[in-house]
Amino acid sequence: MDFAKPIEELIYQLSRLPGIGRKSAQRTAFYILEMGEERVEALIRALGEAQRTIHPCKRCNSLTEGDLCIVCLNDEREKSKLCLVEDTKEMAAIESTGKFNGYYFVLGGLLSPIKKIGPEEIHIPMLEEILDEGNITEIIMAVSPTIEGQTTSLFISDLVKDRNIQVTELAQGIAIGSSLEYYDAFTLSKAFDQRRIVE
Ligand SMILES: [Zn+2]
């Protein structure tokens with residue numbers, strides 16, 4: 001059955017979130033409706049506040065509050081290593097392993113001719129500015145081992161071939177076709193240790 005229009009709209013908006021189908025959108029919508037005014041207001045405030053104050057770091061693209069994120073602001077880290085990730089939550093996953101002490105660059109997507117995602121969309125010009133500074137000697141591709149991830153790794157490897165930079169990718173334990181965000185810290189840090197050169 002169809003619900004009253006405002007409920008339908010709420011269900012529709014929730015169902016557009018990743019991993020939420022119609023059924024769970026319905027369940028969440030009714031949960032919200034029974035939450036009480038105060039909690040609903042708090043939720044709306046949190047959404048608005050995050051939307052207003054969070055934006056991409058001017059250097060690495062990760063989502064942050066200030067101009068630069070906490071990692072870019074830290075100049076004690078290894079300037080020769082740059083880890084490329086698809087989004088901020090994967091950066092957080094790698095940070096949680098404590099394995100990596102270099103800097104990050106958030107691509108914001110992976111190359112995909114079908115989805116019309118090209119070098120501009122994954123911020124390659126911005127990446128090149130960092131590479132032009134001349135400090136980077138290793139780029140670690142911490143992207144999901146999907147076709148798009150592979151395409152992106154090969155593109156980056158080709159992009160830097162005239163620079164003195166080695167491009168490596170995470171190894172063992174990461175199954176082909178899976179998404180990086182689902183791996184625990186142990187698996188991720190092992191994959192980091194056993195990274196191999198992209199060829
Ligand atoms: Zn940053």
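**Sheet, helices and zinc site of the predicted model**

Leaving aside the neighbours within four places in sequence, Ser 153 is in contact with Met 141, Val 143, Glu 169 and Val 198. These contacts come from a predicted model, in which Ser 153 belongs to helix H7, residues 147-159. Ser 153 has a relative accessibility of 2% and therefore counts as buried, since the term is applied to residues under 20%.

In the protein as a whole, the secondary structure comes to eight helices and seven strands, and the C-alpha trace spans about 60 × 35 × 35 Å along its principal axes. Of the 199 residues, 38% are buried. When contacts between residues at least 6 apart in sequence are considered, 55% of them join residues at least 24 apart.

Five of the strands form an open sheet with mixed pairing, and their order across the sheet is E4-E3-E5-E6-E7. Strand E4 (103-106) and strand E7 (196-197) stand at the edges with a single partner strand each, so that one side of each has no neighbour in the sheet. In general, the strands of a sheet pair through backbone hydrogen bonds, in either a parallel or an antiparallel manner. Here, E3 and E4 run parallel and are joined by four bridges, with Phe 105 in E4 as the bridge partner of Leu 84. The pairing of E3 with E5 is likewise in the parallel sense, over four bridges, and Cys 83 stands opposite Ile 140 in E5. By contrast, strand E6 (residues 166-169) and E7 run antiparallel and are joined by two bridges, with Thr 168 standing opposite Ile 197 in E7.

Helices are also packed against this sheet. Helix H5 (residues 88-97) lies across strand E3 (81-85) and E4, and runs at about 160° to E4. Helix H6 (residues 124-132) packs on the sheet as well, where it touches E3, E4 and strand E5 (138-141), and its direction makes about 170° with that of E3. Together, E3, H5 and E4 make a right-handed β-α-β unit.

How are the residues of E3 placed with respect to its two faces? In a regular strand, side chains alternate between the two faces of the sheet. In E3, both faces are covered, with Lys 81, Cys 83 and Val 85 buried on one side and Leu 82 and Leu 84 buried on the other. Because five of the five residues of E3 are buried, this strand is largely enclosed by the rest of the structure.

The model also contains a zinc ion, whose protein donors are the SG atoms of Cys 57, Cys 60, Cys 69 and Cys 72, lying 2.3 Å from the ion. The four donor atoms subtend angles of 104 to 120° around the zinc ion, and the arrangement is therefore tetrahedral. For comparison, the ideal angle for four tetrahedral donors at a metal is 109.5 degrees. Along the sequence, the donor residues are spaced C-x2-C-x8-C-x2-C. Cys 60 lies in the loop between strand E1 (55-56) and strand E2 (63-64), whereas Cys 72 lies in helix H4 (residues 70-73), and this pair, twelve residues apart, links distant parts of the chain. Both Cys 60 and Cys 72 are buried.

Notes: Residues numbered from 1 in each chain as written. Predicted model: local features only at pLDDT ≥ 70, side-chain atom pairs only at ≥ 80, totals over all residues. Heavy atoms only, no water. Pairing = 2+ DSSP bridges. Contact = heavy atoms within 4.5 Å. Axes fitted to C-alpha atoms, helices over the stretch in contact; angles between N-to-C directions. Donors = N, O, S within 2.8 Å, 3.2 Å for Na, K, Ca; no water. Tetrahedral: all angles 85-135°; square planar, octahedral: opposite > 155°, others 65-115°. Buried < 20%, exposed > 50% of the residue type's maximum accessible area, 1.4 Å probe, protein only. Right-handed = clockwise from strand over helix to strand, strands pointing away.
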